[in-house]
Amino acid sequence: MNLFDECAPDPKYCSDPFPYLEQLRKATPYFFNEQRQAWFVSSYREVARLLGEPRLDVSATSFADQSPVFRSAVVPRLRAFFARPDPTPFVELIERVVQGQLQRLLEERRADLAQLSRSVPVGVMGEMLGIPQADLKVLQELSSHVLRAYDLSWPGGPARFPKPTAFLDAYFGEHLAAARKGSATPLVSALLEAQREQKLSEASIVEALTRMFDAGQLSITGCIANVLEWALSSSAAAESLSHSFAADPRQTIDELIRLHVPVLASRRLAREPVETTNGTIETGQRVYLLNSCANRDPQAFSEPNSFRPGEARKAHLGFGLGHYYCLGAPLARLEIHAVLTHFLPLLGKIRACGPTIWRQSWLIHQPDALEVLLN
Ligand code: HEM
């Protein structure tokens, strides 16, 4: 298998891409794939450098509106919203959603943890944006196509919607109009306020809503599923996770994110040529910054493949770095915290009752199915 070629990824790669990515990093931090005419950057140093490189444009992982007025009026407002000093309202909301899901597991004694990992973030984002419960399932399905569009394609691969966000934008356009007339949630109000003050276009704000809905559930879903899969994989993993979470939840959660981010790369497009140690990234070429691989670089982290939350570590790149640093990181940490609080005590009673089905994907590493029984 040639890494990232226009062919289906090998099942072994899908279940554990890290040995392959490690080989790539050892061979070169800058790999150019001829078939895709795209660069794959794998070392911590170079990924960190290029995450802040202004000659590389961000697109798929940020807002469509990159105008200075949007970046200075909307993005800081959203950052402040999610990083509020008193997170109690978020904690209560997340708690309600997680308990609802847990209740089902306790009653039915059987669950697909991949499915359950999807329900928590979509429930949280749904309430934050004021989306009726009845609409969530179809919106979530549409959103999954956005994630599929982010992946590398190959002939015969999963079918793709031509413009997966178009349907979501149409929905959120109506949602915004209704929110303006009726009652808007604090998150939607923050966007409406920024729009009024800065005279931002309707399209920008609608896209921001779609983006929040997508970003607010896609990565976190995979992260929760990966963490639960790992915790169930051995009693040693379960034990060390339980101990470290009890001792220092914050460090534990960040170490889990370092190791278990599902979206393996941040995508960029070269606006101008960028020199590298292995040639020049030419204008118009795509660049995949493999944050997940950089997070396991031995030059940056000792025993990089091991879960070692007590260690003084460099900042991981799971949430990106610099200008586009994930603005939902505080919320993501709270969601993982709530899931671990409720699931760790159950771990000894849960056992897998089928093989983990890993997503067939080059850039998204997460289980699609993880069936368990509760004793
Ligand atoms: C474990 C969960 C999450 C992970 C691993 C994650 C990862 C990331 C990464 C790597 C970036 C930077 C992308 C780049 O540089 O191209 C990013 C940006 C972003 N994330 Fe997250 N994210 C998570 C959860 C969330 C949540 C819950 C939200 C929403 C509340 C969110 C909203 C965003 C937004 C809006 C951006 C773009 C920021 C900007 O343009 O300045 N993310 N995320």
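A residue counts as buried here if 20 or more other C-beta atoms lie within 10 Å of its own C-beta, and as exposed if there are 12 or fewer. Keep that cut-off in mind for helix α14 (residues 249-260): nine of its twelve residues are buried, so α14 is largely enclosed by the rest of the structure. One thing to know up front is that this is a predicted model. Below is a quick tour of two enclosed helices, the ligand shell, the strand pairings and a few single residues.

**Helix α14**

- The buried set in α14 is T252, I253, D254, E255, L256, I257, R258, L259 and H260.
- Which helices do the buried residues of α14 pack against? They pack against α12, α13 (235-247) and α16.
- The length of α14 works out too: at 1.5 Å a residue its twelve residues should span 16 Å, and the end C-alpha atoms are 16 Å apart, which agrees.

**Helix α11**

- Helix α11 covers residues 202-215, so to speak a 14-residue helix, and twelve of those 14 residues are buried, so α11 is also largely enclosed by the rest of the structure.- Its buried residues are S204, I205, V206, E207, A208, L209, T210, R211, M212, F213, D214 and A215.
- Charged names turn up in that buried list, including E207, R211 and D214.
- The buried residues of α11 have plenty of partners: they pack against α4 (68-73), α7 (113-129), α8 (133-150), α9 (164-181), α10 (186-198) and α12 (218-233).
- From first C-alpha to last, α11 reaches 20 Å, close to the 20 Å expected at 1.5 Å a residue.

**Around the ligand**

- How many residues surround the ligand? There are 27, and the closest are S62, A215, G320, C326 and G328.
- The elements that give two or more residues to this shell are α5 (75-82), α11, α12 and α16 (329-343).
- By class, the shell has 17 nonpolar, nine polar and one charged residues.
- A215 links two topics here, as one of the buried residues of α11 and one of the closest residues to the ligand.

**Strands β1, β2, β8, β5 and β3**

- Strand β1 (residues 30-33) and strand β2 (residues 38-41) pair in the antiparallel sense over four bridges, and F31 has F40 in β2 as its bridge partner.
- The hairpin of β1 and β2 has four residues between the strands, and Q37 takes a positive phi near 50 degrees there.
- Is the pairing of β2 with β8 parallel or antiparallel? β2 and β8 pair in the parallel sense, over four bridges.
- F40 turns up again in that pairing, with Y288 in β8 as its bridge partner.
- Y288 in turn stands opposite R267, where β5 and strand β8 (residues 286-289) pair in the antiparallel sense over four bridges.
- Strand β5 (residues 266-270) also pairs with strand β3 (residues 56-58), in the antiparallel sense over three bridges.
- In β5, A270 stands opposite L56.

**The β4-β12-β9 sheet**

- Three strands form an open sheet in the order β4-β12-β9, and the pairing is antiparallel.
- The edge strands are β4 (110-112) and β9 (350-352), each pairing on one side only.
- From one strand to the next, the twist averages 30 degrees.
- β9 and strand β12 (residues 371-374) run antiparallel and are joined by three bridges, with V372 in β12 as the bridge partner of A352.
- Helix α7 lies across β4 and β12, and runs at about 70 degrees to β4.

**Single residues worth a look**

- F4 has a positive phi of about 70 degrees although it is not a glycine.
- Where is F4 found? F4 is in the segment before α1 (11-15), and with 22 C-beta neighbours inside 10 Å it counts as buried.
- R109, not a glycine either, has a positive phi of about 60 degrees.
- R109 lies in the loop between α6 and β4.
- Why does R109 count as exposed? It has 12 other C-beta atoms within 10 Å, and the cut-off for exposed is 12 or fewer.
- D86 sits in the loop between α5 and α6 (88-108), and is exposed, with 7 other C-beta atoms within 10 Å.
- D86 and V188 are 102 residues apart along the chain, and their C-alpha atoms are separated by 19 Å.

Note on methods. Residues are numbered from 1 along each chain as its sequence is written. This is a predicted model: local features need pLDDT of at least 70, side-chain atom pairs count only at pLDDT 80 or more; totals for chains, interfaces and linings use all residues. The expected span of a helix is 1.5 Å times one less than its number of residues. Two residues are in contact if their C-beta atoms, placed from the backbone, lie within 7 Å. Two strands pair if DSSP finds at least two bridges between them. A residue is near a molecule or strand if its C-beta atom, placed from the backbone, lies within 6 Å of it. Ala, Val, Leu, Ile, Met, Phe, Trp, Tyr, Cys and Pro count as nonpolar, Asp, Glu, Lys and Arg as charged, and the others, Gly among them, as polar. Axes are lines fitted to C-alpha atoms, for helices over the stretch in contact, and angles run from 0 to 180 degrees between N-to-C directions.
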